[in-house]
Amino acid sequence: MKVRDKLPIRRPEPTKSPNEGNWTAHKPDLREDFHSHCGYCGSYDGYRHTWYEVDHFIPKSLLEGKISDVEYLNLVYSCKFCNNKKLAKWPTEDITIPNVNDKGFVDPCDKEYESHLYRTNDGGIMWSTDLGKWMWEKAFKFDERNYALKLLWELNQRRKLIDVFIIALNKREEGSNEYNEIKTEAEKLSFEYYKYDKALIEHYNSI
Ligand SMILES: [Zn+2]
């Protein structure tokens with residue numbers, strides 16, 4: 001499976017606050033362009049135990065005025081875990097070269113990103129190339145974060161299904177057999193959702 005369901009695509013220029021001098025002002029544009037998911041790990045941004053930040057793909061400290069620190073094409077909608085692990089890593093030390101000799105990064109808006117990493121059947125993240133392994137192990141520490149990534153993925157699967165069931169319920173007559181069947185399934189999913197949500201809170205409290 002893919003790490004992200006949908007490839008994020010940046011708009012060419014920020015539109016909500018086009019002349020804003022602070023990159024954080026572009027978070028609403030990024031949120032839309034990244035479909036409300038972290039560009040790097042694909043986690044959904046709607047849970048109370050996660051929060052989302054604006055990452056500079058090429059680290060701010062290397063820009064030195066060659067690229068503006070508000071350049072939209074260099075910004076990534078990122079969960080705080082990916083952002084905090086990535087920090088200012090940029091092994092090539094050349095802002096024009098994202099990776100060399102299987103070390104470095106691939107822009108999460110480039111479809112090549114998915115060829116280096118993939119999602120396992122239980123929602124974890126694994127690498128498929130040596131460059132993917134570098135990002136997995138050195139940059140984002142997906143190895144250490146695998147338990148939380150799996151729980152976030154399980155939660156998101158249920159969230160999406162519950163949303164579909166709510167739409168289906170709204171189209172049925174309340175109290176009808178069909179309505180009750182859908183409601184029973186939705187309640188099972190809600191119970192599972194709660195279970196994963198609780199496990200995630202306990203996990204985050206323990207680290
Ligand atoms: Zn992330």
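In the predicted model, V54 has Y77 of β2 as its bridge partner. The two strands β1 and β2 pair in the antiparallel sense, over five bridges. Strand β2 is mostly covered, five of its five residues being buried. L75, Y77 and C79 point one way from β2, whereas V76 and S78 point the other way, and all are buried.

The secondary structure of the protein amounts to six helices and six strands. Along the sequence these elements follow the pattern α-β-α-β-α-β-β-β-β-α-α-α. Taken along the principal axes, a box of roughly 65 × 40 × 30 Å holds the C-alpha atoms of the protein. Of the 207 residues, 30% are buried. Among contacts with a separation of 6 or more, 61% are made by residues 24 or more positions apart.

The domain assignment divides the protein into domain 1 (23-145) and domain 2 (147-206). The centres of the two domains, taken over C-alpha atoms, are separated by 28 Å. Contact between the domains involves eleven residues of domain 1 and twelve residues of domain 2. On the side of domain 1 that touches domain 2, five residues are nonpolar, four are polar and two are charged. The UniProt record, an unreviewed entry, places the feature "domain: HNH" at residues 38-86. This span is 22% helix and 20% strand, and its end C-alpha atoms lie 13 Å apart.

The largest nonpolar core comprises 36 residues, and those with the most contacts inside it are C41, C82, I125, M135, F140, L149 and L152. Two or more residues are given to this core by each of β2 (75-79), α3 (80-86), α4, α5 and α6 (177-206). Helix α5 supplies the largest share, seven residues. Because domain 1 (23-145) and domain 2 (147-206) both give residues to this core, it lies between them. In soluble globular proteins, nonpolar side chains tend to be buried together. With its neighbours within four places in sequence left aside, C41 is in contact with V3, C79, C82, I125, F140, F142 and L149. Of these partners of C41, C82, I125, F140 and L149 are also listed among the residues with the most contacts inside the core.

Helix α4 (residues 130-139) has L131, G132, W134, M135 and W136 as buried residues. The cover over the buried residues of α4 includes β3, β4, β5 (117-119), β6 (125-127) and α5 (142-170). M135, buried in α4, is one of the residues with the most contacts inside the largest nonpolar core. Just after α4, K141 takes a positive phi of about 50°.

Positive phi values also occur in two loop residues. Most residues other than glycine have a negative phi. S36, a residue other than glycine, has a positive phi near 65°. S36 is placed in the loop between α1 (27-33) and β1 (52-56). S36 counts as partly exposed because 13 other C-beta atoms lie within 10 Å, where 12 or fewer would make a residue exposed and 20 or more would make it buried. D102, also a residue other than glycine, has a positive phi near 65°. The position of D102 is in the loop between β3 (99-100) and β4 (103-104). With 14 other C-beta atoms within 10 Å, D102 is therefore partly exposed.

N101 is likewise found in the loop between β3 and β4. N101 has 10 C-beta neighbours inside 10 Å and so counts as exposed. The loop between β3 and β4 thus holds an exposed residue, N101, and a partly exposed one, D102. N101 and C82 are 19 residues apart in sequence, and their C-alpha atoms are 22 Å apart in space. C82, in contrast to the exposed N101, is among the residues with the most contacts inside the largest nonpolar core.

Definitions and conventions
Residues are numbered from 1 along each chain as its sequence is written. This is a predicted model: local features need pLDDT of at least 70, side-chain atom pairs count only at pLDDT 80 or more; totals for chains, interfaces and linings use all residues. Domain bounds come from an automatic or database domain assignment. Two residues are in contact if their C-beta atoms, placed from the backbone, lie within 7 Å. Ala, Val, Leu, Ile, Met, Phe, Trp, Tyr, Cys and Pro count as nonpolar, Asp, Glu, Lys and Arg as charged, and the others, Gly among them, as polar. Helices (H or I, at least four residues) and strands (E, at least two) are DSSP runs, numbered from the N terminus. UniProt positions are given in the numbering used here, feature names are shortened, and annotations may be inferred rather than shown by experiment. A nonpolar core is a set of buried Ala, Val, Leu, Ile, Met, Phe, Trp, Tyr and Cys residues joined through C-beta atoms within 7 Å. Two strands pair if DSSP finds at least two bridges between them.
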